[in-house]
Amino acid sequence: MSTRIAFLKGHGTENDFVIIPDPENVIDLPPTAVAALCDRRAGIGGDGLLHVVRSAAHPEAREMAAEAEWFMDYRNGDGSIAEMCGNGVRVFAHYLQRAGHVAEGDIAIATRGGVKSVHLVKEGDVTVGMGKALLPEGDVTVSVGERSWPALNVNMGNPHAVAFVDDLAHAGDLFTPPPFSPASAYPDGVNVEFVVDRGPRHVALRVHERGAGETRSCGTGACAVAVAAARRDGTDPAMTGAPATYIVDVPGGRLVITERADGEIEMTGPAVIVAEGEIDAEWLDTARH
């Protein structure tokens, strides 16, 4: 193996990622190495890592290879595995286009949350088909300090608890996971969104991402928030027969979320590659242990 390993750095609405191209899945990336790469002082820095692998070369994606050539092996910044990352899918697709692996138009990307459809234009925003939201039954409550709020349980391939608040400052520092109940609602932890209204079909959020802390943006979280807002506002597309589009402001920018009458959700937003370079293989080898 080369003494140096290629990487890129990218972001989608300032949700940032280390990108490791590895088509044949030959680079060993244990949780310790991923956490070291995502470390903002001792590593490259990122909310997560996008491991770019051909589906046929990865045991978790081989069954999707006929439908999607590329697999987004996504890891949280702490090294843990995640099912999906909406901003990550946009950046992943943008990288594939930049590298010449795909052309503009519609492409399919395999994820642990299933195959996602992506629409790429020559330059500009990227639209991702995020699938349908699931709304598990049961009441959920999230808390910060002495305050507690009811939250809607929304699953976008990964779990979310969406709470509407009067002031985004009520979310606290979001360094640590906000407590939730009942514990059985999210046995593997949860992404928590705190939401305020900005105008008609226009909301803003802050988010604690499971495994990453507060991030500048969360694509699946923005989708979960739009779904929760539509249910709250009585604009559930399944009931009205008309699509519902919400502008969702995140700390790092703006996403546009549309839920269609058939339940399919589309997310549109920017994707940027800011740098590329090489990782020292000796340093990475040390980080693996």
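A residue counts as buried when its relative accessible area is under 20%, and as exposed when that area is over 50%. Keep those cut-offs in mind while reading this predicted model.

Start with helix α2, residues 86-98. Is α2 mostly covered or mostly open? It is mostly covered: 11 of its 13 residues are buried. Among the buried ones are Gly-86, Asn-87, Val-89, Phe-92, Tyr-95 and Leu-96. Arg-90 and Gln-97 of α2 are buried too.

How far apart are the end C-alpha atoms of α2? They lie 19 Å apart. At 1.5 Å a residue, the 13 residues should span 18 Å, so the model and the expectation agree. Just after the helix comes Gly-100, whose phi is positive, near 85 degrees.

Now turn to the start of the chain. Strand β1 covers residues 4-12, and strand β18 covers residues 272-280. These two strands pair in the antiparallel sense, over eight bridges. Find Phe-7, and you will see Gly-277 of β18 standing opposite.

Strand β1 has another partner, strand β2, residues 15-21. Five bridges join β1 and β2, and this pair also runs antiparallel. Here Leu-8 has Ile-19 of β2 as its bridge partner. The two strands form a hairpin with two residues between them. Thr-13 sits in that turn, with a positive phi of about 45 degrees.

Stay with Thr-13 for a moment. Its side chain meets the side chain of Ser-217 in a polar contact of 2.6 Å. Where does Ser-217 lie? Its place is in the loop between β14 (213-215) and α3 (219-233). Ser-217 is buried, because its relative accessible area is 0%. Leaving aside residues up to four places away in sequence, Ser-217 touches Gly-12, Thr-13, Asn-15, Asn-87, Glu-209, Val-250 and Leu-255. One of these, Asn-87, is a buried residue of α2.

Next come the charged pairs. How many salt bridges does the structure hold? There are 21. In one of them, Asp-16 pairs with Arg-40, and their closest N and O atoms are 2.7 Å apart. Asp-16 lies in strand β2, while Arg-40 lies in the loop between α1 (31-38) and β3 (48-54). The pair therefore ties together parts that are 24 residues apart in sequence. Asp-16 has a relative accessible area of 10%, so this residue is buried.

A second salt bridge brings back two elements you have already met. Glu-276 pairs with Arg-98, again with closest N and O atoms 2.7 Å apart. Glu-276 is in strand β18 and Arg-98 is in helix α2, so the pair links distant parts of the chain, 178 residues apart. Is Glu-276 buried or exposed? At a relative accessible area of 54%, Glu-276 is exposed. Arg-98, at 45%, counts as partly exposed.

A third salt bridge joins Arg-232 to Asp-233, with closest N and O atoms 2.9 Å apart. Arg-232 is partly exposed at 37% relative accessibility. Asp-233 is partly exposed as well, at 36%. Which residues do salt bridges with shared partners join into one network? They are Lys-9, Asp-16, Arg-40 and Asp-47. The Asp-16 and Arg-40 pair, with its 2.7 Å approach, is thus one you have seen before.

Technical notes
Residues numbered from 1 in each chain as written. Predicted model: local features only at pLDDT ≥ 70, side-chain atom pairs only at ≥ 80, totals over all residues. Heavy atoms only, no water. Helix = DSSP H or I, 4+ residues; strand = E, 2+ residues; numbered from the N terminus. Expected span 1.5 Å × (residues − 1). Buried < 20%, exposed > 50% of the residue type's maximum accessible area, 1.4 Å probe, protein only. Pairing = 2+ DSSP bridges. Salt bridge = Lys/Arg side-chain N within 4 Å of Asp/Glu carboxyl O. Polar contact = N/O pair within 3.5 Å; in protein donor to acceptor, adjacent residues only side chain to side chain. Contact = heavy atoms within 4.5 Å.
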